[in-house]
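Here is a friendly note for someone meeting this chain for the first time. Please keep the view open while you read.

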Amino acid sequence: LPTLGFKVLPPMCNKNADDVRGFLRQVRKGFEKGGALSVHDSLLLVILGHSDGRSVECSMDSSGQIGSLGIQALMEFFSDLNAPGLKGKLKLFLLGLCLGHPVKEVKNLNHENKNQRNVLNSVETGGQA
């Protein structure tokens, strides 16, 4: 992407909803007049994660709550009205989202046998069965 003129910001991994919103505010502010990103003529936002089809699930915060960001609200965050520094500029949103959340779904299942338990543990931890 840098060879195409994009400035690539450090990725955010496993952040709660407040952290993600703060990061998005910083990006939006960067496009304001005189901001570090104001010389760029487009925005490419890539989000990978889990979704219920309407929102992106975020990591648990310090109080143990799992937050989410609405997909529509996420795109509106960078609308011409809400991000005047991006007015008239190309905005691309690449969302790689799995429907559902394996950890939540798996923990509700009753483990009937050892093979099933191993496979489900693999899903929960990302490891091998």
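The numbered points below go from the whole chain to single residues.

1. A word on confidence comes first. What you see is a predicted model. The chain has a mean pLDDT of 75, with 78% of its residues at 70 or more. Residues 105–129 are another matter, as the pLDDT there is below 50. Beyond near neighbours in sequence, that stretch still has 18 contacts in the model. Please treat them with care, because predicted coordinates should not be read in detail where pLDDT is low.

2. Next, the overall layout. The chain holds four helices and four strands. Reading from the N terminus, you will meet them in the order α-β-β-β-α-β-α-α. To find your way, look for α1 at 17–30, β1 at 42–51 and α2 at 71–76. Strand β2 covers residues 55–60, and β4 spans 90–99.

3. How much of the chain is buried? Of its 129 residues, 22% count as buried. The chain exposes about 9,000 Å², and carbon and sulfur atoms supply 53% of that area. As for contacts between residues at least 6 apart in sequence, 53% of them join residues at least 24 apart.

4. Now to the interior. The largest nonpolar core has 18 residues, and those touching the most other members are L24, V27, F31, L43, L45, F78 and L86. At least two residues of this core come from each of α1, β1, β2 and α2. Helix α1 gives the most, with four residues. If you would like one residue to start from, try L24: leaving out residues up to four places away in sequence, L24 touches L45, L74, F77 and F78.

5. Strand β2 deserves a closer look, beginning with V56. This residue is found in β2. V56 has a relative accessible area of 6%, so it counts as buried. Who are its partners? Setting aside residues up to four places away in sequence, V56 touches I47, H50, G67, S68, L69, I71 and L97. You can also compare positions along the backbone: V56 and L74 are 18 residues apart along the chain, and their C-alpha atoms are separated by 9.2 Å.

6. S55 is also found in strand β2. Is S55 buried or exposed? Its relative accessible area is 12%, so S55 is buried. Leaving aside neighbours within four places in sequence, S55 is in contact with H50, S68, L69, G70 and I71. Another C-alpha separation to try in your viewer is the one between S55 and A73, which is 8.8 Å for two residues 18 apart along the chain.

7. Which charged pairs should you look for? A search of the whole structure finds two salt bridges. One of them joins D18 and R21, with the closest N and O atoms 3.1 Å apart. These residues are three apart in helix α1, so about one helical turn separates them. D18 counts as exposed because its relative accessibility is 55%. R21, at 28% relative accessibility, counts as partly exposed.

8. A salt bridge also links D80 with K91, and here the closest N and O atoms are 3.1 Å apart. D80 lies in the loop between α2 and β4 while K91 is in strand β4, so the pair ties together parts that are eleven residues apart in sequence. D80 is partly exposed, with a relative accessible area of 37%. K91 is partly exposed at 23%.

9. Last, please turn to the surface. L1, L4 and V8 form a nonpolar patch there, and together they have about 320 Å² of accessible area. V8 sits in the segment before α1. With a relative accessible area of 53%, V8 counts as exposed, because the cut-off for that class is over 50%.

How values were computed. Residues numbered from 1 in each chain as written. Predicted model: local features only at pLDDT ≥ 70, side-chain atom pairs only at ≥ 80, totals over all residues. Heavy atoms only, no water. Buried < 20%, exposed > 50% of the residue type's maximum accessible area, 1.4 Å probe, protein only. Contact = heavy atoms within 4.5 Å. Core = buried A, V, L, I, M, F, W, Y, C linked by side-chain atoms within 4.5 Å. Areas by Shrake-Rupley, 256 points an atom, 1.4 Å probe, with all protein chains shown as cover. Patch = residues over 30% accessible without salt bridge, like charges linked within 9 Å, V, L, I, M, F, W, Y side chains within 5 Å. Salt bridge = Lys/Arg side-chain N within 4 Å of Asp/Glu carboxyl O. pLDDT = per-residue confidence, 0-100.
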